[in-house]
Amino acid sequence: VEHTELCSALDGYVAFVISDSKSGSVIVGRDPIGIMPLYWGYRKSDNTVWFASEIKALRDPCDEFWIFPPGHVSKFETGGGKEAVLKGIQRYYQPVWWDEEYLPNTPLDLKVLRATLERAV
């Protein structure tokens with residue numbers, strides 16, 4: 001399964017790091033909204049990438065660290081060693097409203113809106 005397909009199939013709030021020892025690759029992903037925290041860091045001395053759910057876990061061992069963006073997945077190649085090479089990071093979550101060209105064309109009807117909200121609760 002392609003890693004973007006894997007993430008799109010998930011239903012829930014997750015942050016994960018999956019290591020494939022056969023291929024030497026690591027897949028990293030985060031839920032679309034960013035409910036689950038995920039940070040990644042880089043240590044220059046041995047060219048390693050670190051992952052954590054709290055940024056304080058990366059402060060000492062890493063030279064640089066970042067928030068892993070919500071709704072994204074990335075792939076690292078390790079070649080079986082400790083060094084990690086980023087092979088790409090891409091957005092897997094593509095809601096229709098994310099497209100700048102998308103604009104609703106239904107006129108606003110406050111009575112319909114109110115009735116819809118009342119039915120929802």
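**Entry 1: helices and strands**

I counted the elements first. The protein has 3 helices and 7 strands. I noted that the model is a predicted one. Next I read the order from the N terminus: α-β-β-β-β-α-β-β-β-α. A helix therefore opens the series and a helix ends the series, by the DSSP runs I followed.

**Entry 2: overall dimensions**

I looked up the radius of gyration, which is 19 Å for this protein. A compact globule of 121 residues would come out near 14 Å. I then checked the C-alpha trace along its principal axes. The trace spans about 60 × 30 × 25 Å.

**Entry 3: surface and inside**

How much of the protein counts as buried? I found 26% of the 121 residues in that class. The accessible surface comes to about 8800 Å². Carbon and sulfur atoms hold 55% of that surface. I also looked at contacts with a separation of 6 or more. Of these, 41% join residues 24 or more positions apart.

**Entry 4: charges**

I tallied the charged side chains: 13 are positive and 17 are negative. The centres of the two sets lie 4 Å apart. Side chains of opposite charge can pair when their charged atoms come close. I looked for such pairs and found 5 salt bridges in the structure. I wrote up three of the bridges, beginning with Asp46 and Arg43.

**Entry 5: Asp46 and Arg43**

In this salt bridge the closest N and O atoms are 2.9 Å apart. Are the two partners buried or exposed? Neither word fits. Asp46 has a relative accessible area of 25%, so I put Asp46 down as partly exposed. Arg43 has 21% and is partly exposed too. The cut-off for buried is under 20%, so Arg43 at 21% does not count as buried.

**Entry 6: Lys44 and Glu64**

Which residue does Lys44 pair with? I found a salt bridge to Glu64, with 3.8 Å between the closest N and O atoms. Lys44 lies in the loop between β3 (39-43) and β4 (48-52), while Glu64 lies in strand β5 (residues 64-67), so the pair ties together parts that are 20 residues apart in sequence. Lys44 is exposed, at 52% relative accessible area. Glu64 is partly exposed, at 31%.

**Entry 7: Glu54 and Lys56**

I looked at one more salt bridge, between the side chains of Glu54 and Lys56. The N to O distance is 3.6 Å. Glu54 is partly exposed, with a relative accessible area of 43%. Lys56 counts as exposed, at 56%.

**Entry 8: Ser74**

I turned to strand β6 (residues 72-77), where Ser74 lies. Why does Ser74 count as buried? Its relative accessibility is 1%, and the cut-off is under 20%, so Ser74 falls in the buried class. I then listed its contacts, leaving aside neighbours within four places in sequence. Val26, Ile27 and Val28 are among them. Phe68, Leu86, Gly88 and Ile89 also touch Ser74.

**Entry 9: Arg59**

Where does Arg59 lie? I placed Arg59 in helix α2 (residues 56-59). Arg59 counts as exposed, at 52% relative accessibility. I also checked the separation between Arg59 and Gly41. They are 18 residues apart in sequence. In space, C-alpha to C-alpha, Arg59 and Gly41 are 8.5 Å apart.

Methods
Residues numbered from 1 in each chain as written. Predicted model: local features only at pLDDT ≥ 70, side-chain atom pairs only at ≥ 80, totals over all residues. Heavy atoms only, no water. Helix = DSSP H or I, 4+ residues; strand = E, 2+ residues; numbered from the N terminus. Rg over C-alpha atoms; globule rule 2.2 N^0.38 Å. Buried < 20%, exposed > 50% of the residue type's maximum accessible area, 1.4 Å probe, protein only. Contact = heavy atoms within 4.5 Å. Areas by Shrake-Rupley, 256 points an atom, 1.4 Å probe, with all protein chains shown as cover. Lys, Arg positive; Asp, Glu negative; His and termini not counted. Charge placed at Lys NZ, Arg CZ, Asp CG, Glu CD. Salt bridge = Lys/Arg side-chain N within 4 Å of Asp/Glu carboxyl O.
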